[in-house]
Amino acid sequence: MKSKRLTTKRQVEEEELQQNEPLFTNFFNLSPELIAITREKDGIIMIANPMFSEVLGYSPEEYSGKTSDELGIWVDLNQQKDLMKDLF
């Protein structure tokens with residue numbers, strides 16, 4: 001019986017995720033803020049929103065697979081370190 005409840009709970013969670021995905025996609029793509037999703041282990045940029053490209057001038061092909069250090073985004077690397085401490 002417990003297995004059936006877990007399966008049902010998982011199905012409900014997956015349905016909720018599918019319902020919310022367009023909301024998060026729109027937020028990501030339409031945000032006026034620069035957003036980049038990076039890998040935690042090495043800081044490689046996986047994806048960024050259109051505002052990231054518009055403000056910084058990098059196309060997805062230019063920033064994908066690179067770090068913010070490689071792109072020279074941070075003028076003050078201490079600010080980057082402080083942000084990472086706050087996030088993690």
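# A spread-out chain, residue by residue

At 25% relative accessibility, Gly43 counts as partly exposed (buried is under 20% relative accessible area, exposed is over 50%, and partly exposed is in between, with a 1.4 Å probe and protein chains only). You'll find Gly43 in the loop between strand 1 (36-38) and strand 2 (45-48). Setting aside neighbours within four places in sequence, Gly43 is in contact with Thr38, Lys66, Thr67 and Ser68 (contact means heavy atoms within 4.5 Å).

Before going on: this is a predicted model, where local features need pLDDT of at least 70 and side-chain atom pairs count only at pLDDT 80 or more, while totals for chains, interfaces and linings use all residues. Residues are numbered from 1 along each chain as its sequence is written, and side-chain values use heavy atoms, leaving out hydrogens and water.

## The overall picture

The protein has 5 helices and 2 strands (DSSP runs numbered from the N terminus: H or I of at least four residues for a helix, E of at least two for a strand). Read from the N terminus, the order of the elements is α-β-β-α-α-α-α. The radius of gyration of the protein is 18 Å, well over the 12 Å that the globule rule gives for 88 residues, so the chain is more spread out than a compact globule (the radius is taken over C-alpha atoms, and the rule is 2.2 Å times the number of residues to the power 0.38). The C-alpha trace spans about 55 × 25 × 20 Å along its principal axes.

How much of the protein counts as buried? Of its 88 residues, 16% do. Among the contacts with a separation of 6 or more, 7% are accounted for by residues 24 or more positions apart.

## Helix 2 and its partners

A search of the whole structure turns up 1 aromatic pair (Phe, Tyr and Trp rings, with the six-membered ring for Trp, pair if their centres lie within 6.5 Å; planes under 30 degrees apart are stacked, over 60 edge-to-face, and the rest tilted). The rings in question belong to Phe52 and Tyr63: their centres are 5.1 Å apart and their planes sit at 75°, so the pair is edge-to-face. Phe52 is in helix 2 (residues 50-56) and Tyr63 in helix 3 (residues 60-63), so the pair ties together parts that are 11 residues apart in sequence. Both residues are buried.

Next door along the chain is Ser53, also a helix 2 residue. Is Ser53 buried or exposed? Its relative accessibility is 19%, so Ser53 counts as buried. Leaving out residues up to four places away in sequence, Ser53 touches Tyr58, Ser59, Pro60 and Tyr63. That list includes Tyr63, the ring partner of Phe52.

## Helix 1 and helix 5

Two residues give a feel for helix 1. Val12 lies in helix 1, which covers residues 2-30, and at 38% relative accessibility it counts as partly exposed. Leu30 belongs to helix 1 as well, and with a relative accessibility of 67% Leu30 counts as exposed.

Over in helix 5 (residues 77-87) sits Gln80. The relative accessible area of Gln80 is 15%, so this residue is buried. What does Gln80 touch, not counting residues up to four places away in sequence? The answer is Ser68, Asp69 and Trp74. Ser68 turns up in the contact list of Gly43 too, so to speak of the two lists, Ser68 is named for Gly43 and for Gln80.

## Some distances to check on screen

Here are a few C-alpha separations to try out on the model.

| Pair | Apart in sequence | C-alpha to C-alpha |
|---|---|---|
| Gly43 and Leu83 | 40 residues | 13 Å |
| Val12 and Ala48 | 36 residues | 29 Å |
| Ser53 and Leu23 | 30 residues | 21 Å |
| Leu30 and Glu16 | 14 residues | 22 Å |
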